[in-house]
Structures are given as C-alpha cells and as structure tokens.
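Here is a quick tour for anyone meeting this structure for the first time. Have a look at the fold, then read on.

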Amino acid sequence: MATQGADRDRIAVAKDIGDMEPLTADEIRAALQRLLSAPALARAPKISRLLAYLVDVHLDATPDALSEPVIADAVFDQSDGFNPRSNPIVRVNASRLRNVLRKHFAGDGAAEPVHIHLASVGYTLEIRRNILSSADGTKSPPTTAPAEQTAFPPTVAPASSPEQPGPQD
C-alpha cells in the first residue's frame, strides 16, 4: 500500500506543458491552502468545502466520487434521497466555484505557481503548473511554448519560370 501513496504523490497533471516535472500531492495541497485563504473563497464556505473535496478526490484518484449525489452527500450534507434533477445545489456551487477560480487566477492569483481550475463540464479538476511563475512567486518573462510555435513554415508560392507558366486568369 505504500507504493500506492507514492504513486499518488507523483500525479502527472502538467500534461500540456511538455517536459515539466509532474506536481506532487504536497504542491497541490499547498496550492489548495493558498486558495482557501483567498478572500473570495474565505468568505464562501460552501464552495470552499466543494474545492477541498474535489482536490481530495483528485489526489485519491477516485473518479466514482464525482457524481452529483455523492458530492451532494459528502459536501452539502444532502440526504440519501437526493435528486439532482430537482435540487441543483451541486451544479450551482460548481458554477460559482468555476467563476471564483477563473477570476482569482486572472487577477490576484495570476502569479501562483500552481493553478487549479474546475473543468467547464463535470466536476474534474484541471491542475497545472503556472509556467509564468518562478519559485519565489514572481512572474518570469513569458517563453514560447511548443503550442505557440508554428508547426510549418509559411507557404511561399514559387516564382513562375518560362517552362512553367503561372496560373491562368
């Protein structure tokens, strides 16, 4: 079982960054603590509990715990008879959490070393390193990420030669 815990600490969440080191569980937990102390989350206990629960599920790699009834019971103390069609508590708070996270990382949290976002559909977290943040929390100059590089050189039409006339009008 010790191996499972070690594997959990090496979660590869920097999938779209290329050769960056995967985030550890400790880095993710530290990011969660910084987020929970941010003013927007500190004054919103429901979405704070939802975020903490989603991070725990992410670290434990238990996707079965991401259904609305399970979240409603675990986070919002809803009864076993919870009906997501008639009670939108999970969807409403997930939407609020998405907006708070988006605003936080677009503003005051932009320099945070780890960014946590809630996927636009469902309850899966997207956790990744901030490539514009240095270890001391200051922004470093942007670098060209592989996705920003041109895949192919610009197409240049060859000059017409007497043997090969150009396009006809």
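## Around helix 4

Right after helix 4 comes Ala61, which has a positive phi near 55°. This is a predicted model, where local features need pLDDT of at least 70, side-chain atom pairs count only at pLDDT 80 or more, and totals for chains, interfaces and linings use all residues. Residues are numbered from 1 along each chain as its sequence is written, and side-chain values use heavy atoms, with hydrogens and water left out.

Helix 4 has 16 residues, so at 1.5 Å a residue it should span 22 Å, and its end C-alpha atoms are indeed 22 Å apart. (That expected span is 1.5 Å times one less than the number of residues.) Buried residues, meaning those under 20% relative accessible area with a 1.4 Å probe, protein chains only, include Ile47, Leu50, Leu51 and Leu54 in this helix.

Just before it, Ala44 sits in the loop between helix 3 (39–42) and helix 4 (45–60). Ala44 counts as buried because its relative accessibility is 8%. Its C-alpha atom lies 10.0 Å from that of Val100, 56 residues away along the chain.

Now for the whole chain. It runs α-α-α-α-α-α-β-β along the sequence, with helices (H or I, at least four residues) and strands (E, at least two) taken as DSSP runs, numbered from the N terminus.

| Chain feature | Value |
|---|---|
| Helices and strands | 6 helices, 2 strands |
| Buried residues | 33% of 169 residues |
| Accessible surface | about 11100 Å² |

The accessible areas come from the Shrake-Rupley method with a 1.4 Å probe; for residues, only the protein chains shown count as cover.

How values were computed. Buried < 20%, exposed > 50% of the residue type's maximum accessible area, 1.4 Å probe, protein only.
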